[in-house]
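Q: I should like to learn how to read a structure such as this one, step by step. Where should one begin?

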Number of protein chains: 2
Amino acid sequence: MKRIAAGIDMGGTNTTVGLVTEGGECLCEQSFRTHDSASFNDFISRVVTVVNNLRNGLDGSFSLVGAGIGAPNGSYMTGEIVNAPNLRWKGKLPLGAGLASALGVPAIVTNDANAATMGEWYFGSAQGMKNFVYITLGTGLGSGFVVDGQLMLGNDGFAGELGHVTVVSSGRQCGCGKRGCLETYVSAPGLRRTAFELLANSLTSSALRSYAYDSISAKIIAEYAAKGDQVAIKAFELTGEMLGMALANVVALFNPEAIFLFGGLSKAGNLLFEPTKRHMEENLLFVFRNRVKLLPSGLGNKNAAVFGAAALIWKELDKK
Amino acid sequence: MKRIAAGIDMGGTNTTVGLVTEGGECLCEQSFRTHDSASFNDFISRVVTVVNNLRNGLDGSFSLVGAGIGAPNGSYMTGEIVNAPNLRWKGKLPLGAGLASALGVPAIVTNDANAATMGEWYFGSAQGMKNFVYITLGTGLGSGFVVDGQLMLGNDGFAGELGHVTVVSSGRQCGCGKRGCLETYVSAPGLRRTAFELLANSLTSSALRSYAYDSISAKIIAEYAAKGDQVAIKAFELTGEMLGMALANVVALFNPEAIFLFGGLSKAGNLLFEPTKRHMEENLLFVFRNRVKLLPSGLGNKNAAVFGAAALIWKELDKK
């Protein structure tokens, strides 16, 4: 009987469940809206139903050996979600224990960024690397760090909060309560804020002037940048400058082989990668220049967090 | 026959050799001026002579099992020193191979900050910790990171350059060729630069106004601060602010249990620790507040690098 692991990507909007083989093949997957469940217990039941439906739909006989879950503020150490700002259910949520008990297999929890990092490490372009940084650019900026062959956890399991490194003293207000965090500049909403700052500070004509703040997206800004809109291009340049400078500092601390950019905003491709790489190189300590690769995810449009959550199980089984 | 390891702290000015037991007792040590040797080969011979003299002076019979060396820009991976700015001998220096061959025992090289980190970890206040940061504040700012129970090395062995993280865009000129590096603000010369900036920008009366730039030291500034000199006090406040903000970012990335401050400038005690701790806490992400210890070295006036260099040998023997 072949073995499969459930990889679960729990987000503030959607949750995706996939059944993944040891070789990194996702046999099937299904998504649903996270908050359609009235309570956290209902959510657990929903996950179990989806896992069982997916198993029943498989051709051939498979044995489920475990479930990995990437969740916002998920702790590898306790298996709990702790005060996730983008979930409706507050306090400590016993995600790992709840799923293990309901599914009857081991369940391992980590945060969403670490799950995506594991996916790239096990099944993507970071295979075989011992030192790399993985950055997800979406509604926020998440990050995972592999240091000397280990996923970095830190003393309480909360290491890797690159999005909340202060890059501008008394800068933009952040959802975390601080000011000037990197993710207020480098993320989909950060790009929008930069574009609106440019519209306010300059008189440059731009198609972006006809959009309301609430109706403009990073995708729209990228489309206008590709058409030559000067404000849109400048917004990407400034985003790349902020990210490049932050990455030069990350390199000074971690000396990684590569840095991966993943998530919605990274789909802008060279609009983002080119200025980021240029400003990173300009700010690097001499010894690190032209040594660090800045790469897109090797998983393409696959859900890295589903693969990485499943990889948590394969890694755990490897140990034994 | 009892075992001893040689711990060697090679600096730009002095080199200290100590013979250290497995239990962390330094039986004897001797220092000499690094650049009294005409060539790098002469330097190796000098180290060997000192090690042998120290051994001959010991009461009882001891077996030398290895030599650990902390050296500027020393690489654990290659055993070489690579382009150390504060050594007269340039290019790649085969320190590990040279000493191993001349002494007839294994030799392990690391950089000076990592050696001090190992000393605190094996024999000081960081014993048993799995995640901590060690910062040496002297002529520069060196740092070592223990991450999830491993000394962080990075892809090329150059991880941990906190002193060259950019904290002020287009800020003070640094010896490394960049601008605005943390060590241009937080180090003995950084404190002096801050004091002179304050003398230039304010009209506050201060005893520091009678000193030339070349004749003032961090120790003199600390003495005046202790006597109530407002400029000297403010210089420490600003140094602590810069360090505290940088440490808040370090905590967001590494989630350490503790941060140690070591070296000449750290001897200023609360003049430095109090503002550093206050500004660190003010800038921490909510989840990390009041959780991270800011500590002085537990090795007192002992040479942490000598102990740490010796610990490299004990650690290596432990593995086998």
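A: Let us begin with burial: a residue is called buried if 20 or more other C-beta atoms lie within 10 Å of its own. The model shown here is predicted. In helix α8 of chain B, the buried residues include B:Ala304, B:Phe307, B:Leu312 and B:Trp314.

Q: What else can be read from helix α8 of chain B, such as the span that its 16 residues should have?

A: An α-helix has 3.6 residues a turn, so residues three or four places apart point the same way. Each residue also advances the helix by a fixed rise, taken as 1.5 Å, so the 16 residues of α8(B), 304–319, should span 22 Å. The C-alpha atoms at its two ends are 22 Å apart, in agreement with that expectation.

Q: How does one read a strand, and is β2 of chain A buried or exposed?

A: In a regular strand the side chains alternate between the two faces of the sheet. In the present case, six of the eight residues of β2(A), residues 14–21, are buried, so this strand is largely enclosed by the rest of the structure.

Q: Which strands pair with β2(A)?

A: Strand β1(A), residues 2–10, pairs with β2(A) in the antiparallel sense over seven bridges. Within this pairing, A:Thr16 of β2(A) lies opposite A:Asp9. On β3(A), residues 26–33, the pairing with β2(A) is again antiparallel and has seven bridges; there A:Glu29 faces A:Gly18.

Q: How many residues lie in the hairpin connections?

A: Three residues link β1(A) to β2(A) in a hairpin. The hairpin of β2(A) and β3(A) has four residues between the strands, and A:Gly24 in that turn has a positive phi of about 90 degrees.

Q: In what order do the strands of the open sheet in chain A stand?

A: The order is β10-β9-β8-β11-β12, five strands with mixed pairing. The edges are β10(A), 150–151, and β12(A), 293–296; each has a single partner strand, so one side of each is left without a neighbour in the sheet. As an example of pairing, β11(A), residues 258–262, runs parallel to β12(A) and is joined to it by four bridges. A:Lys293 in β12(A) is the bridge partner of A:Ala258.

Q: How is chain A divided into domains?

A: Domain 1 covers 2–121 + 302–319, and domain 2 covers 129–296. The C-alpha centres of these two domains of chain A are 28 Å apart. Across their boundary, 13 residues of domain 1 contact 13 residues of domain 2. Helix α3(A), residues 112–123, gives the most to the domain 1 side, with eight residues. That side has eight nonpolar, three polar and two charged residues.

Q: How many residues of chain A contact chain B?

A: In chain A, 34 residues are in contact with 34 residues of chain B. Helix α6(A), residues 230–254, supplies the largest share of the chain A side, six residues. By class, the chain A side holds 17 nonpolar, eleven polar and six charged residues.

Q: What turn lays chain A on chain B?

A: A turn of 180 degrees with a shift of 0.0 Å along the axis lays chain A on chain B with an RMSD of 0.0 Å. The two copies are thus related as by a two-fold rotation axis. In addition, 100% of the interface residues of chain A are also interface residues in chain B, so the copies meet through the same surface.

Notes. Residues numbered from 1 in each chain as written. Chains lettered and ligands numbered in written order. Predicted model: local features only at pLDDT ≥ 70, side-chain atom pairs only at ≥ 80, totals over all residues. Expected span 1.5 Å × (residues − 1). Buried ≥ 20, exposed ≤ 12 C-beta atoms within 10 Å, placed from the backbone. Pairing = 2+ DSSP bridges. Contact = placed C-beta atoms within 7 Å. Nonpolar A, V, L, I, M, F, W, Y, C, P; charged D, E, K, R; others polar. Domains from an automatic or database assignment. Least-squares fit on C-alpha atoms with pLDDT ≥ 70 in both.
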